[in-house]
Amino acid sequence: MTEKNVLIKSWADPITGACPVAEILRTLGGKHGPRILHCLTEGELHFLELTRAIDGISRKVLTDQLKDFEEQGLILRSPKNDARQRVGYSLTAKGDALCGVFGQLYDWSQYYR
């Protein structure tokens, strides 16, 4: 077995054989997932603020993605006690750590593009 094959094999989960990197990419949920998380690096945003910040995203897609991120522990949903019944979204520590990786990907893309 070559050194390259050993390196690739070591990425596989020893029990399931799944690739954790592929799982993370699926977690991001398509083209809007990273953009949503990036917007939240600036701090808590309300649903409408997120809708306005991300061009081309439908309310349904945003709602579904926010629910997925909340279930995965990447964001925190905070209902507000005001007359408009707004909800704020912010990153958890887990989501913030993932956004740090995005910065590295951005740097890589700028260097190799």
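**Helix 6, strand 3 and an aromatic cluster**

Helix 6 spans residues 93–112, and its 20 residues stretch 29 Å from the first C-alpha to the last, close to the 28 Å expected at 1.5 Å a residue. The model described here is predicted, and this helix makes a good place to begin a tour of it.

The two sides of helix 6 offer a helpful contrast. Its buried residues are G95, L98, C99, F102 and S109. These residues cover an arc of only 105° around the axis, so they lie on the same side of helix 6. On the other side of the helix, A93, A97, Q104, D107, W108 and Y111 are exposed. The cover over the buried residues of helix 6 includes helix 2 (20–27), helix 3 (33–40) and strand 3.

Strand 3, one of the elements covering helix 6, deserves a closer look. Five of its five residues, 87–91, are buried, so strand 3 is largely enclosed by the rest of the structure. In a regular strand the side chains alternate between the two faces of the sheet. In strand 3, both faces are covered: V87, Y89 and L91 are buried on one side, and G88 and S90 are buried on the other.

Strand 3 also has partners on the sequence before it. Strand 1 (residues 45–46) runs antiparallel to strand 3 and is joined to it by two bridges; here H46 has G88 as its bridge partner. Strand 2 (residues 75–79) is likewise antiparallel to strand 3, with five bridges between them, and P79 stands opposite V87.

Back in helix 6, attention turns to the aromatic rings. A pair of aromatic rings is described by the distance of the centres and the angle of the planes. Two aromatic pairs are counted in the model. In one of them, the ring centres of W108 and Y112 are 5.4 Å apart and the planes meet at 40°, so this pair is tilted. W108 and Y112 are four residues apart in helix 6, which means that about one helical turn separates them. Both of these residues are exposed. Y112 also pairs with Y111, in an edge-to-face arrangement with 4.6 Å from centre to centre and 80° between the planes.

Together, W108, Y111 and Y112 form one aromatic cluster. Y111 has a relative accessible area of 64% and is exposed, while Y112, at 55% relative accessibility, counts as exposed too. Both values are over the 50% cut-off for exposure.

Key: Residues are numbered from 1 along each chain as its sequence is written. This is a predicted model: local features need pLDDT of at least 70, side-chain atom pairs count only at pLDDT 80 or more; totals for chains, interfaces and linings use all residues. Side-chain values use heavy atoms; hydrogens and water are left out. Buried means under 20% relative accessible area, exposed over 50%, partly exposed in between (1.4 Å probe, protein chains only). Two strands pair if DSSP finds at least two bridges between them. The expected span of a helix is 1.5 Å times one less than its number of residues. The arc is that of the directions from the helix axis to the C-beta atoms. Contact means heavy atoms within 4.5 Å. Rings of Phe, Tyr and Trp (its six-membered ring) pair if their centres lie within 6.5 Å; planes under 30 degrees apart count as stacked, over 60 as edge-to-face and the rest as tilted.
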